[in-house]
Amino acid sequence: MTKTFRLIAVATSLSATLAVAHDGVKDVDVLARMKAMEAIGIAAKELGDMARGFIPFDPNRAHIVRDNISLHAINMPILFAKFTTDPKSEAASTIWDNWDDFVIRSAELQKSASALNFSDAGALSLSMRGLGAACSGCHKLYRIKN
């Protein structure tokens with residue numbers, strides 16, 4: 001299977017999954033937050049797959065993917081600034097009760113993405129621990145498991 005065909009297949013699969021995950025979300029602010037969070041998750045998965053050798057390590061692509069994570073991290077306080085909810089939302093109301101901490105954690109996500117090492121797959125793997133810690137630390141406090 002060619003690399004291009006594999007990328008198309010993955011993108012098609014992810015698009016279908018995302019469409020189902022957002023099906024029925026009525027609030028546009030919640031939908032924007034959900035799409036941003038999923039974009040971060042997709043990007044982190046791609047980097048993780050590179051780090052584990054599931055897909056070829058490509059430092060140029062890794063930089064692009066990392067920049068996508070950084071951009072979404074920087075925008076998190078903007079996306080969450082307004083308290084809105086939706087039955088399908090996984091955002092805990094404690095985000096707005098602990099706003100300063102949430103903003104700090106968004107900045108930590110951006111910093112951990114910036115600190116990723118793209119010298120080789122092993123270095124990427126080691127440096128992804130910080131990214132994973134930033135994601136899970138925030139999710140433990142501010143994400144509702146549906």
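Residues are called buried when their relative accessible area is under 20%, exposed when it is over 50%, and partly exposed in between, using a 1.4 Å probe and protein chains only. At 33% relative accessibility, R143 therefore counts as partly exposed. The model described here is predicted, so local features need pLDDT of at least 70 and side-chain atom pairs count only at pLDDT 80 or more, while totals for chains, interfaces and linings use all residues. Residues are numbered from 1 along each chain as its sequence is written, and side-chain values use heavy atoms, with hydrogens and water left out.

We can start with the charged pairs. A salt bridge is taken as a side-chain nitrogen of Lys or Arg within 4 Å of a carboxyl oxygen of Asp or Glu, and the count comes to seven salt bridges. R143 takes part in one of them, with E90 as its partner and 3.0 Å between the closest N and O atoms. E90 lies in the loop between α3 and α4 and R143 in the segment after α6 (121-142), so this pair ties together parts that are 53 residues apart in sequence. Like R143, E90 is partly exposed, at a relative accessible area of 29%. Helices, here and below, are DSSP runs (H or I, at least four residues), numbered from the N terminus.

A second salt bridge joins the side chains of R61 and E46, at 2.7 Å from N to O. This pair also links distant parts of the chain, with R61 in helix α3 and E46 in helix α2, 15 residues apart. R61 is partly exposed, with a relative accessible area of 35%, whereas E46 is buried at 18%. Within helix α5 (residues 99-114), R105 and D101 are four residues apart, so about one helical turn separates them. Their salt bridge has its closest N and O atoms 2.8 Å apart, and D101 is partly exposed at 27% relative accessibility. Salt bridges that share partners also join K45, D49 and R52 into one network. In this network, D49 belongs to helix α2 (residues 28-51) and counts as buried, at 11% relative accessibility. Apart from neighbours within four places in sequence, D49 is in contact (heavy atoms within 4.5 Å) with F54 and I55.

Next come the aromatic side chains. Rings of Phe, Tyr and Trp (its six-membered ring) pair if their centres lie within 6.5 Å; planes under 30 degrees apart count as stacked, over 60 as edge-to-face and the rest as tilted. By this rule there are five aromatic pairs. In one of them, the ring centres of F80 and W96 are 6.2 Å apart and the planes stand at 40°, so the pair is tilted. F80 sits in the loop between α3 (59-79) and α4 (94-97) and W96 in helix α4, 16 residues apart. Both residues are buried, and they belong to one aromatic cluster with F83, W99, F102 and Y142.

Y142 leads on to helix α6, where it is among the buried residues, including also A123, L124, S127, M128 and L131. The cover over the buried residues of α6 includes α2, α3, α4 and α5. The helix bends by about 30° at S127, the bend being the angle between axes fitted to the seven residues ending there and the seven starting there. At the N-terminal end of α6, D120 acts as a cap, with a side-chain oxygen 3.0 Å from the backbone nitrogen of G122.

Technical notes. Helices (H or I, at least four residues) and strands (E, at least two) are DSSP runs, numbered from the N terminus. A polar contact is a pair of N or O atoms within 3.5 Å; within protein, one must be able to donate a hydrogen and the other to accept it, and residues adjacent in sequence count only if both atoms are side-chain atoms.
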